[in-house]
Amino acid sequence: MRVSSRLASVFVNALSQAMPVELMQSIARTVIPNYDIYERSGFPSSIHMPRVDAARYILKEFAREGYLVKLVEALIHVTSDGYMGNPVRIPQLPRIIAEVEEQGYRYSREEGVFVEAGASGRTMGWGTLREGRTYEFALLRMDIAGNSEMVRRYAREEIAGAYTAIRELITAKVEKRRGRVWGWEGDGCLAAFYFQDKTIQATLCGMELVHELFVYNLLARSLPEPVMVRLSVHAGPCRFEKSVKASSGDTIRRVELLESRFTPPGCLTVSPGVFTDLGSKLSPLFVPVPGPESATIYRYALEWESQ
Amino acid sequence: MSAVLFSDSPGKLLRLPYFSGKGAEEVQARAMKELKKALPSLEMVPQVYLDVQGCSASERRRLLSLVSSNPRVRFCIVDPSSAVDDVAAVFHAGAVDYLDKGLLSAPPGVKRRTAVLAYIKRLGGVGEEAADQGPADASVPPGDGWSEIEPNREHTFAFLFIEADDAEGLKLRHEPQNLAAAMGTFRDYVERIVAQHGGRLWMWSNFGGLALFPLHARAPQAPLCGLRILLSSIFYDFEESLLPGRLSFRMALSVGSTVYNERETGKIISDSVNSIFHLGRRFAQPSQFVLTADAVELLPSPPKPFFRPVGTYEGKRVYRMLRPSSVAGVREQGTADPPREDGHRSAARRAAGPR
């Protein structure tokens, strides 16, 4: 994030007027563990560092390392929740937030983080995740069943038109639930959900896609035959990379396995960990089926009364 | 899709109760300088808020002139310092709402939002589908037919009746205020989907109401609307409903004619309106969606296998739509009615092994 001179000025004034150096350092440590301003700045620890200098140094270091937004989030948290049981007031905090928002971010009160503002600026990491770090995600995997046969059967333009409609539908439904499509690989995609209730949101998104693709196939499909997809949801830790190909790990492999080998076309399969989060309204709609390594997985399909 | 706030200092505004309190909608902040460039893309945004704080009178006029150059943008003037002296001029320029210091200091009420929606409709129903949280649905063609509906004249409509089942049981099980709030969310849910399919919720009374779909529309969406309400009821139950369990409701769809009036619907005398209420309340069973033969004819051919004849009512053949697995057997928690087992394939039987 670019640090404007106005943001720098407001930030330094706000911190230096609101808290001692020790508290600045403690809050900084919630973002960068073991952060030691004396060691990093070379300022002798035997001499009390002036507040303005400390605030200026913290600003410079956090901006350089790309953690300034996280530090502002930490400041927001301590002003609302206090620090170690003590209230913290930063009268100029609203001005800092306004300056950060000027840079294209929006503070999400629900999640307690800054996320990118505006539809045009959507990124894989919601503007808040850092590349190379591991986070807990709920992943939704989608794949078009029988893609190879369809590609052989229909002209390229026909396939392209149908797949574009499907992609738009999936992207809209994923983003409606605050997820992000991480990448498309021909006939399939991987979407990630990061915020609160991520497993529920990923599952609801999968169910909604099962329903909407039913309606699409019934009334709006452009190909003579329905386009069927397989969907799976699994949650776990995953290293965040801006290239989905670079992202790998057990969680991604697992969700791909559930989709490719344990999900019939038109169905959604969720892993046992996801199923336990579903609660009493959703879980009765899923049926247990045998999964990988003797595990029980759970499946949702849109079916109709037989009479 | 979220509402958008154009402001040069959005941080402070977004912390005001109107934008941060209970019931506040999600708002994305953008810099005021982006407005001109963004104008064409704002047609699909449910509400565009324009912050006029710090603007001089001439700057406000320029701003109104700019935003009103696209009549499909629904904008609201946000005036935290209550500096606008001629509020009516704001509406003359096409605004759908005006928020001064007093209004911004309290959370938005359901009544106000409903009133704003009704006002938008009166202005000409500019793209209600924009309220959806996704792009336009490929299965819903444009041309909703409302532009041809003149007030106080008789028109032909598809009538969609919808009502929660077991109203008496609900009254027994829930406090009146809680139940009213729960039914408010049900109404919002129905109204949103009806609007997405080119219809309007015309009447509502406690547990249900009546929606109209003009038959001038290029492709009447009423049957699809009923299907979507059925399919998405699980999401309503899970994400919006205030009731502890699933809400069971019935629907009925028929074609008829009535004099159309936006208000004073209680004074409407119409055989078609009486008939649809009777069909919904006396003929339809709990959690069923029934349609008269002329309503089924509105459908394109593929979905017809999903309808089964269930007899005649007032001389019309009536069909029942098969229920999806997410709806069949639904009952609100605590109801005395037993779960319905009529022919629905059990979930266990449809469980298939790994491929």
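This is a short chat about a helix pair in chain A and a sheet in chain B of a predicted model.

Colleague: Starting with chain A, at what angle do α8 and α9 cross?

Modeller: Roughly 145°, and the axes of α8 (residues 156–176) and α9 (residues 198–220) come within 10 Å. The crossing is right-handed.

Colleague: Which residues make the contact?

Modeller: From α8(A), Leu169(A), Ile170(A), Lys173(A) and Val174(A). The α9(A) side supplies Cys205(A), Glu208(A), Leu209(A), Glu212(A) and Tyr216(A).

Colleague: How many of the contact residues are nonpolar, and how many charged?

Modeller: Six are nonpolar and three are charged, with no polar ones.

Colleague: Switching to chain B. What is the strand order in the sheet?

Modeller: The order is β7-β8-β6-β9-β10-β12-β11, seven strands in an open sheet with mixed pairing.

Colleague: Which strands are at the edges?

Modeller: β7 (200–205) and β11 (307–313) of chain B, each paired on one side only. From one strand to the next, the twist averages 25°.

Colleague: And β6 with β8 in chain B: parallel or antiparallel?

Modeller: Antiparallel, over seven bridges, between residues 154–164 of β6(B) and residues 208–214 of β8(B). Within that pair of strands, Glu163(B) stands opposite Gly208(B).

Colleague: Which helix packs on the sheet?

Modeller: Helix α11 of chain B, residues 271–283. That helix touches β6, β8, β9, β10, β11 and β12 of chain B.

Colleague: What angle does α11 make with β9?

Modeller: The direction of α11(B) makes about 165° with that of β9(B), which covers residues 249–259.

How values were computed: Residues numbered from 1 in each chain as written. Chains lettered and ligands numbered in written order. Predicted model: local features only at pLDDT ≥ 70, side-chain atom pairs only at ≥ 80, totals over all residues. Axes fitted to C-alpha atoms, helices over the stretch in contact; angles between N-to-C directions. Helix = DSSP H or I, 4+ residues; strand = E, 2+ residues; numbered from the N terminus. Left-handed = near helix turned anticlockwise from the far one by under 90°. Contact = placed C-beta atoms within 7 Å. Nonpolar A, V, L, I, M, F, W, Y, C, P; charged D, E, K, R; others polar. Pairing = 2+ DSSP bridges.
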